[in-house]
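Open the model in your viewer and keep the selection tool at hand. The stops below say what to select next and what is there.

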Number of protein chains: 2
Amino acid sequence: MNIKIPTLILDEQKCRVNIWRMAEKAQRSNTISRPHFKTHQSHQIGRWFRDFDIDKITVSSVQMAQYFANDGWRDISIAFPVNLREIDEINALNQNIRLNVLIESKNILEKLENLVQEEIGVFVKIDTGYHRTGIRVEDEQYISELMKQFSVTKRCEFKGFLVHNGQTYKAKTIAEIKEIHRVSLEKLLALKEKYITQFPDLILSMGDTPSMSVLDDFSGVDEIRPGNFVFYDLMQSDLGVCTEKDIAVAMACPVVAKHKDRNQLVIYGGGVHLSKESIQIDGQAVFGKMVFLKESKWEIPEKPFYLVSLSQEHGIIQLDDELIHNISLGDIVGVLPVHSCLTADLQKNYLTFDKRKIPKV
Amino acid sequence: MNIKIPTLILDEQKCRVNIWRMAEKAQRSNTISRPHFKTHQSHQIGRWFRDFDIDKITVSSVQMAQYFANDGWRDISIAFPVNLREIDEINALNQNIRLNVLIESKNILEKLENLVQEEIGVFVKIDTGYHRTGIRVEDEQYISELMKQFSVTKRCEFKGFLVHNGQTYKAKTIAEIKEIHRVSLEKLLALKEKYITQFPDLILSMGDTPSMSVLDDFSGVDEIRPGNFVFYDLMQSDLGVCTEKDIAVAMACPVVAKHKDRNQLVIYGGGVHLSKESIQIDGQAVFGKMVFLKESKWEIPEKPFYLVSLSQEHGIIQLDDELIHNISLGDIVGVLPVHSCLTADLQKNYLTFDKRKIPKV
């Protein structure tokens, strides 16, 4: 491939399979798919979801909602605690599309009710164990007071309870991920039971790629919002929720120096291209994994070679005595990213194997 | 301040003082200033250096060189192992400005000599201990062969030896930073001595903000290339090479949730705004430090409050029993970044206290 500078290669086939697999599982479970588009942030990739009759999406910022509304998406949830400093933008957007926002306090609900100009969908963020955001599911009193508030709001329409079990990223086994999901869902179903009479349309919306990837069916979950699965990455394969072959993006990086004395390649590809996200493998920080880039695919070496260090523009790949002789200055190597959401966020576009540039936000 | 979304605030005064202090020290030492512009990546901030008669700069990519050439910079070093896949762009740039590139192998020098269309400046990267890139200073045989090559090159003009002592970032004390610099410079001076007769104009170019910040004078060093000092950051103050008061950028972040049970603030400000770079403080990963944002400055609380967790868009600040009551939903807090180069790279512009938007690349 005629690559000059670090370029994120998208394997369209893998990406479409990832989309299909998740959509198909949701359809089988009779669960609404509302995929999170914060990972790819691209109109064109977003359109691939429409092949599976997906017409609802999740984003993580008002600007991202605007971007996708501009491409015809008409039902968008912003899965981030609503930032009332952006109320003008929210009101503008809410005129044109069906918008859902997220709250976790009575105070914000009250303010939101006063500030929105038209009816808006509101999800309540519930915390069943991640402890990043949300009302603890055990805090029944507070939830009950909040729900009472919804019985009198005129513009804020309660849509349901929303959870993101990010603690699955710390799980050691697939069984543990499934258990986190099971316990969380059990608590949410009890919550739903409590309020379903008062709010017959309330739904349970659950996120996180790890759970959604390892579950065989989503029974009990009304809506899913995974995002990362569209590309997957080393963090997910390390967790065991995908294989490395499912990873749909690799950074193509020119080799700019070689150090045979320490079997290291220096690549043009650093923190500003890949992000500084790392995972620990055998007690060492790893910033990516090398693959061999071919004309229409990449090949994953049987023996792993990792990106062991990352500066602003440089990356260091640790090779062995043999491989260091087979890679030359000026070659292009591929790097599977640790966290594809952050890597993708740093790009202006993707390059497919048939040399199409796919722009993003 | 009327901030809606995460916004990088630039304290122009602090920034100009940082620039002045470094320039003044270089002038006093009779050393050329060739500051690295990869940190701010901004035409306007670049112009502030011209007040100190600085007309030579360093960048880390060909695109960055193009960007600054477009603002009238006519003497630019690209301090990154030259990527010959960009030879067309290098040749185009080299027609218009005095361009220096960096090599560390005979193979690349030979290719470069064949590919460049006009005379180009070439620095040789020397490794005196960082072991990221460069020819080990002990490898006298290889250096000697490379220097012989320069005696016959017609377009590649040898400029000097260039070092980046990035290992200073791992130093435990100021004395250790000074010692790294002293030992490195000693080796470089011996190298210079060896080749000065053959190349009477050769210079020693040294980088890294830690060394250049703690040295009182740069005697023996012909040219300095620090970059980060323009803003500094927590990594540098943690090293002790600046104070927190010298840090010239802070991310303004809306508070979107509060969790009194665990004394945590959730801010709109995540890895896509600050980068995932972290430092360890008391055994804990820290992604930033909270400051109080006022109309024309920020105040650093005496007791430190850190950003302890970072997702794509969320940040979590750990407060205490008292402060959690003094900050409200919708407030704006400031965050001093861990690594200002990476944080700045994620921005489209800076905002000054007098409400000017300073665009960047």
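Two residues are in contact when they have heavy atoms within 4.5 Å of each other. The model is a predicted one.

**Stop 1: A:Thr128**

Select A:Thr128, in the loop between strand 6 (120-127) and strand 7 (135-136) of chain A. Then show its contacts, leaving aside neighbours within four places in sequence: A:Val137, A:Val163, A:Asn165, A:Gln167, A:Ser184, A:Lys187 and A:Leu188. With which side chains does the side chain of A:Thr128 make a polar contact? One is that of A:Asn165, at 2.9 Å. Another is that of A:Ser184, at 2.7 Å. The relative accessible area of A:Thr128 is 10%, which is under the 20% limit, so the residue counts as buried.

**Stop 2: the nonpolar core**

Nonpolar side chains tend to be buried together in soluble globular proteins. Here the largest nonpolar core has 249 residues. Select A:Phe150, A:Phe161, B:Phe150 and B:Phe161, the residues with the most contacts inside that core.

Now stay with B:Phe161. Apart from neighbours within four places in sequence, B:Phe161 is in contact with residues including B:Phe123, B:Val124, B:Ile126, B:Ile143 and B:Met147. Also among its contacts are B:Leu188, B:Leu191, B:Tyr195 and B:Ser205.

**Stop 3: helix 3 of chain A**

Go to helix 3 (62-69) of chain A. How many of its eight residues are buried? Six are, and the helix is mostly covered. The buried residues are A:Val62, A:Met64, A:Ala65, A:Tyr67, A:Phe68 and A:Ala69. To see what covers them, add helix 2 (43-48), strand 3 (57-59), strand 4, helix 4 and strand 21 (357-359) of chain A, which are included in the cover.

Helix 4 of chain A also holds A:Ala92. A:Ala92 has a relative accessible area of 41% and is partly exposed. For a long distance to display, draw a line from the C-alpha atom of A:Ala92 to that of A:Asp282: the two are 190 residues apart along the chain and separated by 50 Å.

**Stop 4: where chain A meets chain B**

Colour the two chains separately. The contact takes 56 residues from chain A and 56 residues from chain B. A:Arg85, A:Arg132 and A:Gln312 are worth selecting here, as they supply 17% of the area that chain A buries against chain B, more than any other three residues.

The size of an interface is often given as the accessible area lost when the parts come together. Chain A and chain B bury about 4400 Å² between them, with 51% of it on carbon and sulfur atoms.

Polar contacts join 26 residue pairs across this interface. On the side of chain A that touches chain B, the elements that each supply at least two residues include helix 3, strand 4 (75-81), helix 4 (87-96), helix 5 (106-115) and strand 11 (249-259). The residues of that side divide into 22 nonpolar, 16 polar and 18 charged.

Nine salt bridges cross between chain A and chain B. For one of them, select A:Glu277 and B:Lys276, whose side chains meet at 3.1 Å, N to O. Next select B:Asp261 and A:Arg136, a salt bridge with its closest N and O atoms 3.0 Å apart. B:Asp261 lies in the loop between strand 11 (249-259) and strand 12 (264-268) of chain B and A:Arg136 lies in strand 7 of chain A, so this pair joins two chains. B:Asp261 is exposed, at 52% relative accessible area, whereas A:Arg136 is partly exposed, at 30%.

**Stop 5: salt bridges within a chain**

Over all chains the count comes to 53 salt bridges. Select A:Asp51 and A:Arg16, a pair whose closest N and O atoms are 3.3 Å apart. The pair links distant parts of the chain, 35 residues apart: A:Asp51 is in the loop between helix 2 and strand 3 of chain A, and A:Arg16 is in helix 1 (residues 12-28) of chain A. A:Asp51 is exposed, with a relative accessible area of 52%, and A:Arg16 is partly exposed, with 29%. Extend the selection to A:Glu12, A:Asp354 and A:Arg356, which are linked with A:Arg16 and A:Asp51 in a network of salt bridges.

Finish in chain B with B:Lys297 and B:Glu299, whose side chains form a salt bridge at 3.6 Å, N to O. B:Lys297 is partly exposed, at 40% relative accessible area, and B:Glu299 is partly exposed, at 32%.

Note on methods. Residues numbered from 1 in each chain as written. Chains lettered and ligands numbered in written order. Predicted model: local features only at pLDDT ≥ 70, side-chain atom pairs only at ≥ 80, totals over all residues. Heavy atoms only, no water. Buried area = accessible area lost by both parts, 1.4 Å probe. Salt bridge = Lys/Arg side-chain N within 4 Å of Asp/Glu carboxyl O. Polar contact = N/O pair within 3.5 Å; in protein donor to acceptor, adjacent residues only side chain to side chain. Helix = DSSP H or I, 4+ residues; strand = E, 2+ residues; numbered from the N terminus. Nonpolar A, V, L, I, M, F, W, Y, C, P; charged D, E, K, R; others polar. Core = buried A, V, L, I, M, F, W, Y, C linked by side-chain atoms within 4.5 Å. Buried < 20%, exposed > 50% of the residue type's maximum accessible area, 1.4 Å probe, protein only.
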